[in-house]
Amino acid sequence: MISLNLTVPLAVDFNDAADYFIFITNLLLATSSVLVAGSVVLGIICKKSLRAQNRFIFMLNTSISDTLSGIGGYYIGLFDVQEGYPSRNGTYYIVPSLLGVNILTIMFAQVDRFFAVAHPYAYSRHITRTVVSELCVFIWFYTYFILMILNIVSIDVASKISAYSTLMLQAIIIVKVMLNVKLYLIAKYQIARDPPGPERDSKKESLRLIIVVVMCFLTLWTPYFYYIVIIELTKSTYIFKNSACDPLAMMIRLSATCTPGLYIWGSPALREAVLKTVWKRVCPPLRKR
């Protein structure tokens with residue numbers, strides 16, 4: 001048994017092989033999130049042509065959130081932490097709220113792609129890069145303004161606000177699913193009628209990418225969401241010892257790697273930017289290629 005003199009104990013006791021597996025898995029999840037999401041952040045920031053496109057501004061926003069989630073994952077995933085009301089060694093929901101940033105950003109990115117393809121002329125006149133940037137800033141402000149209120153009020157009031165927020169998130173999930181279906185139909189029928197060319201390829205790429213990202217995000221996140229709903233409705237306690245031992249919470253942290261990873265997979269321009277501006281500078285063998 002490993003014993004360390006820490007204010008906050010480690011998530012596991014290292015009494016058996018499962019403890020080592022849990023610890024190493026959480027360590028890898030946090031590290032992969034920081035590396036992959038951080039690479040996307042640097043790739044977009046360093047490439048002016050990417051920063052000029054609205055869809056990459058949304059990608060930048062979620063990737064910043066995912067990078068911070070990875071950094072927070074070193075604490076939540078390696079130490080004995082349980083968020084909740086009341087929490088145990090929690091972060092006052094600062095790290096979990098990064099998920100709220102991603103939920104709202106991806107939803108607005110879906111709306112953005114819908115109007116960009118369905119109403120291109122109105123979109124080009126009204127939805128500028130400044131508008132999208134201001135929207136992303138508002139998402140951060142709104143998320144952490146609500147969090148500040150939750151941390152100021154009493155636990156009973158915070159629990160009620162959290163319950164209402166859960167209902168709102170249910171509505172957002174429904175909207176995201178409906179938007180995904182709509183985007184799929186647009187990609188299948190409307191773009192198919194457009195003449196071949198770079199513009200059509202760009203529309204197809206952006207729609208395909210946001211559809212896949214949303215499907216992956218909901219797949220990894222929804223089980224934990226309904227688990228929390230059941231806990232709140234039944235007034236029961238958490239089944240798992242802490243967040244590090246919770247496989248559903250691990251799925252949440254995995255989304256911080258999968259989302260930016262899908263960005264790199266689905267966008268050749270971003271993939272090239274990440275390779276040239278980030279990894280070729282970090283890894284000497286890649287510079288020779």
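How much space lies in the second largest cavity? In this predicted model, the second largest cavity holds about 40 Å³ of space. Its lining is made by L29, A30, S33, S69, G70, G73, R253 and A256. Helices α1 (17-46), α3 and α9 (247-266) each contribute at least two residues to the lining of the second largest cavity, and by class this lining has three nonpolar, four polar and one charged residue.

A search of the whole structure turns up two cavities of 30 Å³ or more. The largest cavity has a volume of about 110 Å³, and R55, F58, M59, I106, A109, R113, S206, L209, I210 and Y263 line it. Two or more residues of this lining come from each of α3, α4 and α8. Seven residues of the lining of the largest cavity are nonpolar, one is polar and two are charged.

Turning to the pockets, the second largest pocket offers about 260 Å³ of space. Twelve residues line this pocket, and R113, A116, Y123, S202 and K203 lie nearest its centre. R113 also belongs to the lining of the largest cavity. The second largest pocket draws at least two lining residues from each of α3 (54-76), α4 (97-118), α5 (120-126) and α8 (198-234), with α8 giving the most, four residues. The lining of the second largest pocket divides evenly by class, into four nonpolar, four polar and four charged residues.

On the surface, F138, F141, F145, M148 and I152 make a nonpolar patch of about 540 Å². M148 sits in helix α6 (residues 129-152) and is partly exposed, because its relative accessible area is 43%.

Note on methods: Residues are numbered from 1 along each chain as its sequence is written. This is a predicted model: local features need pLDDT of at least 70, side-chain atom pairs count only at pLDDT 80 or more; totals for chains, interfaces and linings use all residues. Side-chain values use heavy atoms; hydrogens and water are left out. Patches are made of residues with over 30% relative accessible area and no salt bridge: like charges are joined within 9 Å, nonpolar side chains (Val, Leu, Ile, Met, Phe, Trp, Tyr) within 5 Å. Accessible areas come from the Shrake-Rupley method with a 1.4 Å probe; for residues, only the protein chains shown count as cover. A salt bridge is a side-chain nitrogen of Lys or Arg within 4 Å of a carboxyl oxygen of Asp or Glu. Buried means under 20% relative accessible area, exposed over 50%, partly exposed in between (1.4 Å probe, protein chains only). On a 1 Å grid over the protein atoms alone, a cavity is a set of points where a 1.4 Å probe fits but cannot get out, and a pocket is an open set with protein on both sides within 12 Å along at least five of seven lines; lining residues have an atom within 4 Å of a point. Grid points are joined across faces, edges and corners, and a volume is the space filled by probe spheres set on the points. Ala, Val, Leu, Ile, Met, Phe, Trp, Tyr, Cys and Pro count as nonpolar, Asp, Glu, Lys and Arg as charged, and the others, Gly among them, as polar.
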